[in-house]
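Reader: I am new to reading protein models and would like a close look at a single part. Please take it slowly.

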Amino acid sequence: MSHQGFEDYFTEPAILSVATTGGLHGKEANPNLPTQPEEVAADVAACEEAGASIVHLHARDEDDADTKSVERFQRLRDAIDERCEDVIINFTTGGDYPPEERLAPVLDVEPRPELATIDVGPVAFGRDAVRNYSRAANELFAERMAEAGVKPELEAFNPGHLTEVNHLIEEGYLSEPYWITLILGMQTGTLPHPRNLINLVENLPEGVVWQCLAVGRYQLPLTTMAMAMGGHVRVGLEDNVYYRKGELAESNAQLVRRAARIADELERPIATTDETREILGL
Ligand code: ZN
C-alpha cells in the first residue's frame, strides 16, 4: 500500500495530560476536586498509574483560594515528588496577577517544572473579568522560561491567538517542537465544535505538537476526536468536573482512565513520560 500520510497514527504515542485543580472553581463545584498538596499528590499518583505523563498544576492556599505563592507551589511540587514516579510537572502562569508574580513559581520552585503555560491572548471570565494576556507578557514569559530551561506550553483560546504563536516563532522566542494546547469551549474562546478543532489544527504553523483541551461536556467528544486525529489530550477536573451528564467525576484519575481506555480502543499507544519528553524535546 502506498503511503497515505496517516500511518504514523498507529505508532505515535498519545500524550495524556491531566489538569487536576485549576484556579477558578472549588469544592462547591465538585467535592472531589483536589486542592491541598497531599490531596493533589494522591490523585496525581493515581493519574500517573493510569497513563498520564504530564500534570498541569495551580496552587491553592490553606483556605483553597487560588494563589501564586512560591511556597505553596513548592509544597505541591514536594508532595508530588514524594508520591509519584516520574510525572512531568507543568505549572500554570495564568491568573489575574502581575506578570512577575505569575512567573515566580516557575522560576523559584526547586527543581523547576519542565513545562509552564503561556496564555497567549486575552480571554473573558464571567461578566466583567477579562484576562489581559498580552504580547508583551508572552515575550517576557518566553524569554524568562528559555533562560530557565523551562519549555512553554502555549495555550490558544481562540483561532486569533495563533497570530501570537506565529509572532513568538518568527521573533525567535521559541524552539521546536512548539507545544500548543488548543482550547475549546471557554467563554470567549473557540466554540466547541469538531469543525473548529479541524480548523485550528489546519492553521497550526510547522513544527507544532498539539493537544486538545475542551471544557465541560465537550471534553469527552473533542478529546476523543483529537486522539483520532493523531493529537494529544488534556483531561481533568480543572476543565470538567463531570464524568457524565448529572454525575460528578470521582477523581482526576477516573477521567484519565477513561482517556486511556479510549486511546487503547483507538489503537494509539499511550506515551510514557520518557516518550513524552522525547516528543516535546524536554
Ligand atoms: Zn490551568
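Where is the place of proline 177? And please go on from there to the zinc ion and what surrounds it.

Author: This is a predicted model. Proline 177 sits in the loop between helix H5 (161-170) and strand S10 (178-184). The peptide bond that leads into proline 177 from glutamate 176 is cis, with omega near -10°. A cis bond also runs from glutamate 110 to proline 111, with omega near -15°. Proline 111 belongs to the loop between helix H3 (99-108) and strand S6 (115-119).

Now to the zinc ion. Its protein donors are His56 (NE2), His58 (NE2), Glu238 (OE) and Glu238 (OE), so Glu238 is listed with two OE entries, and the donors lie 2.0 to 2.7 Å from the zinc ion. Along the sequence, the donor residues follow the spacing H-x1-H-x179-E. Histidine 58 and glutamate 238 link distant parts of the chain, 180 residues apart. Histidine 58 is in the loop between strand S2 (54-57) and strand S3 (59-60), while glutamate 238 is in the loop between strand S12 (232-235) and strand S13 (242-244). Both of these residues are buried.

The angles among the four donor atoms run from 52 to 131°, and the site is irregular. Four donors count as tetrahedral if all angles lie between 85 and 135 degrees, and the value of 52° falls outside that range, so the tetrahedral label does not apply.

Next comes a residue with the neighbouring number, aspartate 239. Arginine 234 forms a salt bridge with aspartate 239, and their closest N and O atoms are 2.9 Å apart. Arginine 234 counts as buried because its relative accessible area is 2%, and aspartate 239 is buried too, at 8%. Side chains of opposite charge can pair when their charged atoms come close.

Arginine 244 forms a salt bridge with glutamate 247, again with 2.9 Å between the closest N and O atoms. Here arginine 244 is partly exposed, with a relative accessible area of 47%, and glutamate 247 is partly exposed at 31%. A search of the whole structure finds twelve salt bridges.

Lastly, two loop residues have a positive phi although they are not glycines. Aspartate 64, with phi of about 75°, lies in the loop between S3 and strand S4 (66-67). Its relative accessibility is 24%, so aspartate 64 counts as partly exposed. Glutamate 267 has phi of about 65° and, at 54% relative accessibility, counts as exposed.

Methods:
Residues are numbered from 1 along each chain as its sequence is written. This is a predicted model: local features need pLDDT of at least 70, side-chain atom pairs count only at pLDDT 80 or more; totals for chains, interfaces and linings use all residues. Side-chain values use heavy atoms; hydrogens and water are left out. Donors are N, O and S atoms within 2.8 Å of the metal (3.2 Å for Na, K and Ca); water is not among the atoms, so sites may look incomplete. Four donors count as tetrahedral if all angles lie between 85 and 135 degrees; four count as square planar and six as octahedral if opposite donors are over 155 degrees apart and all others between 65 and 115; anything else is irregular. Helices (H or I, at least four residues) and strands (E, at least two) are DSSP runs, numbered from the N terminus. Buried means under 20% relative accessible area, exposed over 50%, partly exposed in between (1.4 Å probe, protein chains only). A salt bridge is a side-chain nitrogen of Lys or Arg within 4 Å of a carboxyl oxygen of Asp or Glu.
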